[in-house]
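Work through these exercises with the sequence and the model open side by side. Try each task before you read its solution.

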Amino acid sequence: PAYLGDGASVTDSLVAPGARVFGAVARSVIGPGAVVPKGVTVRDSVLLPDSRAEADVRFAIVDEGFVAT
């Protein structure tokens, strides 16, 4: 299953099994193995498998294994 950390927020989104969310996700798809750290917001985006958002992401498709900084 997906892991939602303390204080994580997920709204109108799909979070795949194996994803880890500690920040905020809205109207997005988070792939398996993708990580959204605490303090980061992902909005209107797609994080493909094993990607990581190190900064806020909006209106983007983050490729597999990529780190968005």
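The radius of gyration is taken over C-alpha atoms, and the globule rule is 2.2 Å times the number of residues to the power 0.38. Keep in mind that this is a predicted model.

**Exercise 1. Overall size**

Task: Decide what the radius of gyration of the chain says when set against the globule rule.

Solution:
- Start with the length. The chain has 69 residues, and a compact globule of that length would have a radius of gyration near 11 Å.
- Now take the model. Its chain has 10 Å, which agrees with the rule.
- Add the dimensions. The C-alpha trace spans about 25 × 20 × 20 Å along its principal axes.
- Turn to burial. A residue is buried when its relative accessible area is under 20%. Of the 69 residues, 33% are buried.
- Finish with the surface. The chain exposes about 3900 Å², and carbon and sulfur atoms supply 54% of that area.

**Exercise 2. Secondary structure and contact range**

Task: How many helices and strands does the chain have, and what share of its contacts joins residues at least 24 apart?

Solution:
- Count the elements. There are zero helices and 13 strands.
- Read along the sequence. The pattern is β-β-β-β-β-β-β-β-β-β-β-β-β.
- Look at the contacts between residues at least 6 apart in sequence. Of these, 0% join residues at least 24 apart.

**Exercise 3. Two open sheets**

Task: Find the strand order of the open sheet that contains β8, then do the same for the open sheet that contains β6.

Solution:
- Recall the principle. Strands of a sheet pair through backbone hydrogen bonds, either parallel or antiparallel.
- Trace the sheet with β8. Four strands form it in the order β2-β5-β8-β11, with parallel pairing.
- Mark its edges. These are β2 (9-11) and β11 (57-58), each pairing on one side only.
- Zoom in on one pair. Strand β8 (residues 41-43) runs parallel to β11, and two bridges join them. Arg43 has Arg58 as its bridge partner in β11.
- Trace the sheet with β6. Its order is β3-β6-β9-β12, and the pairing is parallel.
- Mark its edges. They are β3 (14-15) and β12 (61-62), and each pairs on one side only.
- Zoom in again. β3 pairs with strand β6 (residues 29-30) in the parallel sense over two bridges. Here Leu14 has Val29 in β6 as its bridge partner.

**Exercise 4. Positive phi values**

Task: Where do Asp12 and Asp44 lie, and is each one buried, partly exposed or exposed?

Solution:
- Recall the background. Most residues other than glycine have a negative phi.
- Check Asp12. Its phi is positive, about 50°, although it is not a glycine. Asp12 sits in the loop between β2 and β3. Its relative accessible area is 65%, so Asp12 is exposed.
- Check Asp44. Its phi is also positive, near 55°, in a residue other than glycine. Asp44 is in the loop between β8 and β9 (46-47). Its relative accessible area is 23%, so Asp44 is partly exposed.

**Exercise 5. Surroundings of three residues**

Task: Place Glu64, Arg20 and Pro37, then list what each one contacts beyond four places in sequence.

Solution:
- Glu64 belongs to the loop between β12 and β13 (67-68). It is exposed, because its relative accessible area is 55%. Leaving aside neighbours within four places, Glu64 contacts Leu48 and Pro49. Its C-alpha atom is 5.4 Å from that of Ser51, 13 residues apart along the chain.
- Arg20 belongs to strand β4 (residues 20-21). At a relative accessible area of 39%, Arg20 is partly exposed. Beyond four places in sequence, Arg20 is in contact with Tyr3, Ala34, Val35 and Val36. The C-alpha atoms of Arg20 and Glu64 are separated by 15 Å, with their positions 44 residues apart along the chain.
- Pro37 is in the loop between β7 (35-36) and β8. Its relative accessibility is 13%, so Pro37 counts as buried. Not counting residues up to four places away, Pro37 touches Phe22, Gly23, Arg52, Ala53 and Glu54. Pro37 and Arg52 are 15 residues apart in sequence and 8.1 Å apart in space, C-alpha to C-alpha.

**Exercise 6. Charges**

Task: How far apart are the mean positions of the positive and negative charges?

Solution:
- Count the charges. The chain has 6 positive and 8 negative ones.
- Compare the mean positions. They are 7 Å apart.

Methods. Residues numbered from 1 in each chain as written. Predicted model: local features only at pLDDT ≥ 70, side-chain atom pairs only at ≥ 80, totals over all residues. Heavy atoms only, no water. Pairing = 2+ DSSP bridges. Buried < 20%, exposed > 50% of the residue type's maximum accessible area, 1.4 Å probe, protein only. Contact = heavy atoms within 4.5 Å. Areas by Shrake-Rupley, 256 points an atom, 1.4 Å probe, with all protein chains shown as cover. Lys, Arg positive; Asp, Glu negative; His and termini not counted. Charge placed at Lys NZ, Arg CZ, Asp CG, Glu CD.
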